[in-house]
Amino acid sequence: MQQLITTVLGRLRIVAFLEGISFLVLLGIAMPLKYMASNPEPVRIVGMAHGILFIAYIVLLVQTKFTYNWTLTRSFLAFVASLVPFGTFYADKKLFRED
């Protein structure tokens, strides 16, 4: 557990998990509330949190790319994973484990 906090890759994994959860909450709960219940407030709150987590994810991804000498392909796949629902969870299993 200590390694998750002290390494760049560990911090990326934590932020990826949180970013993935925020994306799912935004798509699965906040957006339906906005359009089916005419309540836009959850989108503002969750959307802001998701935006901050997304920026943190990108910053940590760039740091990880240079710290661990990731290829452009691996880095690009990690970026694309952040754009797809459940993508960051897949990336954690396939890309974010130390070789």
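Guide: A surface patch is made of residues with over 30% relative accessible area (Shrake-Rupley method, 1.4 Å probe, only the protein chains shown counting as cover) and no salt bridge (Lys or Arg side-chain nitrogen within 4 Å of an Asp or Glu carboxyl oxygen); like charges are joined within 9 Å, nonpolar side chains (Val, Leu, Ile, Met, Phe, Trp, Tyr) within 5 Å. This is a predicted model, where local features need pLDDT of at least 70 and side-chain atom pairs pLDDT 80 or more, while totals for chains, interfaces and linings use all residues. Residues are numbered from 1 along each chain as its sequence is written, and side-chain values use heavy atoms, without hydrogens and water.

Visitor: Which residues make the nonpolar patch here?

Guide: Look for Ile5, Ile14, Phe17, Leu18 and Ile21, covering about 430 Å². Helix H2 (helices are DSSP runs of H or I, at least four residues; strands are E, at least two; both numbered from the N terminus) gives the most, four residues. Isoleucine 14 lies in H2.

Visitor: How do H2 and H3 cross?

Guide: Fit axes to C-alpha atoms over the stretch in contact, then take the angle between N-to-C directions, from 0 to 180 degrees. The axes of H2 (residues 8-36) and H3 (residues 41-67) come within 8 Å and cross at roughly 155 degrees. So H2 is roughly antiparallel to H3 (over 145 degrees; under 35 is roughly parallel, 65 to 115 roughly perpendicular, the rest oblique).

Visitor: And what about H3 and H4?

Guide: The axes of H3 and H4 (residues 72-81) come within 11 Å, crossing at roughly 170 degrees. H3 and H4 are therefore roughly antiparallel too.
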